[in-house]
Every structure is written in structure tokens, then in C-alpha cells.
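Subject: Structure for you to look at

Hello,

Here is the structure I promised to pass on. Please open it beside this message; my notes follow below.

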Amino acid sequence: MNYKGKAHKVGEHIDTDAIIPARFLVTSDPVKLGANCMAGLEPDWVKRVHPGDIMVAGRNFGCGSSREHAPIAILGAGMPVVIGHSFARIFYRNAFNMGLLLMEVGDHVDSINDGDELTIDATTGNIRDLTNGTTITCPPLPNSMAAILAKGGLVGYVKERLAHR
């Protein structure tokens, strides 16, 4: 699982209401949610994002409510990965269930600047910053989590498993 994209940094303690405000929760359509991703932080934030870009977050990203719409909004905005210092526990599980890759790198997140070009190899846990030449290594994605992501999330994973019974 390899990714390449431009870094879009957000701050610390970004809650799910900032990721996708409650007023947009009338749908679960990824495209509609993605159009309003991070609207609770900055209304037009998502207009800077291109498909494949990578969100980079500070501490405790995804805190607050347990809404599954938050990772769906990030995916709908075209970002398949969030690199973060740390993630709220419920958000972490919801993200993988919805098919969003999270990579927890601790204080190394501070070496990534907004706009840096990144490459990610989730299999090895290597994140290369092509802009500043640094490499961050975090634990590689466990096979069980990679299998869930490969199917677009937990629903796709379970459907395939049941179909092969």
C-alpha cells in the first residue's frame, strides 16, 4: 500500500465536529461529506485538497463524538491517509472500519510542513518527505488491518469473507 501526495497540516485536538460539522450529517454520501471536510475548522479548507493528498494532524486527532462521518468525509475529500501525532481511540477504530489509513508517528509529525510532498509505504511503515529529505519510520500496518483497508473498510472485508464460506 503506497501513497504519494501533498501534506495538509491541521492542529491538535481537532474534534469530529471540526472535521465534519453536525449540520452536514444529513447524508452518508462520501462526496457530499468530502465537500465539507474540515468546514468546522475553516469553511473552504477542502478547496486546497487534491485527490491523493495527505492530512497531517497533531495530538488527539478525531476527539469528540464517535461519528463515522468524520473518516468518510476525509476519504470523500480525496485523502486516503492521515498521518498524526496521535488519534482519539474511537476515531482510530472508525477510520479503519471506513477504509481510512492512519499512521501514528508521535513527535515526528513536527518535521512535516504544510505543502511538503510525501510518499508512504504502509507495508514497511516508511514515510518519506520528498521536500525536506527526511524519513519517518513507524510500525508497519498489521496484516489484519491491511486486509480491512484493501477491501475499502470493514463492511467490504466482511462481505468478502462471507461470500467465500
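Buried residues account for 45% of the 165 residues in the protein chain. Please keep in mind that this is a predicted model. The exposed surface of the protein chain comes to about 8,100 Å². Carbon and sulfur atoms supply 53% of that surface.

The fold, in outline. The protein chain holds 6 helices and 7 strands. Read from the N terminus, the order is β-α-α-β-α-β-α-β-β-β-β-α-α. The radius of gyration is 15 Å, close to the 15 Å from the globule rule for 165 residues, so the protein chain is as compact as a globular protein of that length. The C-alpha trace spans about 45 × 35 × 25 Å along its principal axes. Now take the contacts between residues at least 6 apart in sequence. Of these, 64% join residues at least 24 apart.

Charges next. The protein chain has 16 positive and 17 negative charges. Their mean positions lie 8 Å apart.

Helix 3 is worth a look. It covers residues 69-76, and 6 of its 8 residues are buried. Which ones are the buried residues of helix 3? They are His-69, Ala-70, Pro-71, Ile-72, Ala-73 and Ile-74. The cover over these residues includes three helices: helix 1 (16-19), helix 2 (30-34) and helix 4 (89-98). Strand 2 (54-57) and strand 3 (81-84) are also part of that cover. Just after helix 3 comes Gly-78, with a positive phi of about 100°.

Helix 4 can be read in the same way. Its buried residues include Phe-91, Asn-94, Ala-95, Phe-96 and Asn-97. Among the elements that cover them are helix 1 and helix 3. Strand 4 (101-104), helix 5 (143-150) and helix 6 (154-163) belong to that cover too. A glycine with positive phi follows here as well: Gly-99 comes after helix 4, with phi near 100°.

Two residues other than glycine also have positive phi. His-13 has a phi near 55°. It sits in the loop between strand 1 (2-9) and helix 1. With a relative accessible area of 49%, His-13 is partly exposed. Met-38 has a phi of about 65° and is not a glycine either. Its place is the loop between helix 2 and strand 2.

Is Met-38 buried or exposed? Met-38 is buried, at a relative accessible area of 0%. Leaving out residues up to four places away in sequence, Met-38 touches Val-10, Ile-14, Ala-18, Ile-19, Trp-45 and Met-55. For a sense of distance, take Met-38 and Thr-135. They are 97 residues apart along the chain, and their C-alpha atoms are separated by 27 Å.

Leu-118 is another residue to find in the viewer. It lies in strand 5 (residues 117-121). Its relative accessible area is 0%, so Leu-118 counts as buried. What does Leu-118 contact, leaving aside its neighbours within four places in sequence? The list starts with Tyr-3, Lys-4, Gly-5 and Ala-7. It continues with Ile-54, Val-56, Ile-83 and Ile-112. Arg-128 and Asp-129 complete it. Val-105 is 13 residues from Leu-118 in sequence, and the two are 14 Å apart in space, C-alpha to C-alpha.

Last, the cysteines. How many disulfides does a search of the whole structure find? It finds 0. Cys-63 is in no disulfide, and the nearest cysteine sulfur, that of Cys-37, is 15 Å away. A pair of cysteine sulfur atoms has to lie within 2.5 Å to count as a disulfide. Cys-63 has a relative accessibility of 15%, which is under the 20% cut-off, so it counts as buried. Cys-138 is buried too, with a relative accessible area of 8%.

Best wishes

Key: Residues are numbered from 1 along each chain as its sequence is written. This is a predicted model: local features need pLDDT of at least 70, side-chain atom pairs count only at pLDDT 80 or more; totals for chains, interfaces and linings use all residues. Side-chain values use heavy atoms; hydrogens and water are left out. Buried means under 20% relative accessible area, exposed over 50%, partly exposed in between (1.4 Å probe, protein chains only). Helices (H or I, at least four residues) and strands (E, at least two) are DSSP runs, numbered from the N terminus. Contact means heavy atoms within 4.5 Å. The radius of gyration is taken over C-alpha atoms; the globule rule is 2.2 Å times the number of residues to the power 0.38. Accessible areas come from the Shrake-Rupley method with a 1.4 Å probe; for residues, only the protein chains shown count as cover. Lys and Arg count as positive and Asp and Glu as negative; His and the chain ends are not counted. The place of a charge is taken as NZ of Lys, CZ of Arg, CG of Asp or CD of Glu.
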